[in-house]
Amino acid sequence: MLSVNKLNVAYGESLILRGVDLNVAEGEAVCLLGRNGVGKTTLLKSIMGLLKPKSGRLTFEGADFTHRRPDERAQQGIGYVPQGREIFPQLSVRDNLILGLAARGQDFDTVPEEVYDLFPALKDLLHRKGGDLSGGQQQQLAIARILLTRPKLLLLDEPTEGIQPSIIDEIEDAIHKIKATGVAILLVEQYLQFAWRLSDNYYVMEKGTIISQGSTEALSEEEVQQHLTV
Ligand SMILES: Nc1ncnc2c1ncn2[C@@H]1O[C@H](COP(=O)(O)OP(=O)(O)O)[C@@H](O)[C@H]1O
Ligand SMILES: [Mg+2]
């Protein structure tokens, strides 16, 4: 479904991603692991079109989209929940969600029930300002909003970062349900057990290069942990 080929991405003169190859098949969940600063967020931004590669190629459902604009990528079915969430803090939860619907070209004034099937807690928060929610609630809102654009592939950048354990469980549950509906997922995550329970395949990045990849079934969490802590 998604194919990243020999991708090189730089900030100014400094090359960050070096020849990255990565694939996500239809309906599959893939986790991208690696320590802070290795280039994981840079890769997701490049897939979304927020950074221009120096070279390399991106394809989605067989079509080259290396030079497409971010909004075209979203329309093709790529949804991105950035690290740190980036909801609209001054807007209500309801209005944040309605914006998700507007992005899919629909002009609703009620929030579809499907949102509450995944995130029941949002129902009682509809009129609160996004910025007044807890980190975990904001993460739920950010994921719910992107889902309303009907992505076929969801890019999630550290959805558990800085979130309390009880809400992490709710988010994990929701992401499993999203996967069960056939949405493919590319997950960047530091919380290894969370990533392992969800993912079919993994990639480990170090200094902008993929140093290890494979099926999560073929490798134990402990073995991957060793890769990450060496
Ligand atoms: N806007 C930027 N300008 C210059 N360098 C950046 C920028 N964003 C990130 N970097 C650098 O790129 C490298 C990779 O960052 P990032 O992709 O955010 O890593 P990760 O998500 O794996 O923690 C880091 O060395 C970081 O300092
Ligand atoms: Mg990051």
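Two strands count as paired if DSSP finds at least two bridges between them. That rule underlies the sheets in these views of a predicted model.

**View 1. The four-stranded sheet is open and antiparallel.** Its strand order is 2-1-4-5. Strand 2 (14-24) and strand 5 (63-64) stand at the edges. Each has a single partner strand, so one side of each lacks a neighbour in the sheet. Strand 1 (residues 2-11) pairs with strand 2 in the antiparallel sense, over 7 bridges. Within this pair, Ala10 stands opposite Leu15 of strand 2. Helix 1 lies across strand 1, strand 2 and strand 4 (55-60). The helix runs at about 70 degrees to strand 2.

**View 2. Ligand 1 sits in a shell of residues that includes Tyr11 and Ile16.** Also in the shell are Gly34, Asn36, Gly37, Val38 and Gly39. Lys40, Thr41 and Thr42 complete the list. By class, the shell divides into 3 nonpolar, 6 polar and 1 charged. Which element gives the largest share of the shell? Helix 1 (residues 40-48) does, with 3 residues.

**View 3. A second open sheet has 6 strands and mixed pairing.** The strands follow the order 6-7-8-3-9-10. Strand 6 (78-81) and strand 10 (209-215) stand at the edges. Each of these two has a single partner strand, so one side of each is left without a neighbour in the sheet. From one strand to the next, the twist averages 15 degrees.

**View 4. Strand 9 and strand 10 run antiparallel, with helix 8 lying across both.** Strand 9 (residues 201-206) is joined to strand 10 by 6 bridges. One residue to find here is Val204, whose bridge partner in strand 10 is Ser212. Helix 8 (residues 221-229) also lies across strand 3 (29-33). Its direction is at about 15 degrees to strand 9.

**View 5. Ser220 occupies the loop between strand 10 and helix 8.** Is Ser220 buried or exposed? Ser220 is exposed, because 11 other C-beta atoms lie within 10 Å. Trp196 is 24 residues away along the chain. The C-alpha atoms of Ser220 and Trp196 are separated by 8.9 Å.

**View 6. Glu61 and Glu158 both have positive phi values.** Most residues other than glycine have a negative phi. Phi of Glu61 is near 50 degrees. Glu61 is in the loop between strand 4 and strand 5. With 13 other C-beta atoms within 10 Å, Glu61 is partly exposed. Phi of Glu158 is also near 50 degrees. Glu158 lies in the loop between strand 7 (153-157) and helix 6 (165-180). Glu158 counts as buried, because it has 21 C-beta neighbours inside 10 Å, and the cut-off for buried is 20 or more.

**View 7. The whole protein holds 8 helices and 10 strands.** Along its principal axes, the C-alpha trace spans about 45 × 40 × 30 Å. The radius of gyration is 17 Å. A compact globule of 230 residues would have a value near 17 Å, so the two agree. Of the 230 residues, 38% count as buried. Among contacts with a separation of 6 or more, 68% come from residues 24 or more positions apart.

Notes
Residues are numbered from 1 along each chain as its sequence is written. Chains are lettered from A and ligands numbered from 1 in the order in which they are written. This is a predicted model: local features need pLDDT of at least 70, side-chain atom pairs count only at pLDDT 80 or more; totals for chains, interfaces and linings use all residues. The radius of gyration is taken over C-alpha atoms; the globule rule is 2.2 Å times the number of residues to the power 0.38. A residue is buried if 20 or more other C-beta atoms lie within 10 Å of its own, exposed if 12 or fewer, and partly exposed in between; C-beta atoms are placed from the backbone. Two residues are in contact if their C-beta atoms, placed from the backbone, lie within 7 Å. A residue is near a molecule or strand if its C-beta atom, placed from the backbone, lies within 6 Å of it. Ala, Val, Leu, Ile, Met, Phe, Trp, Tyr, Cys and Pro count as nonpolar, Asp, Glu, Lys and Arg as charged, and the others, Gly among them, as polar. Axes are lines fitted to C-alpha atoms, for helices over the stretch in contact, and angles run from 0 to 180 degrees between N-to-C directions.
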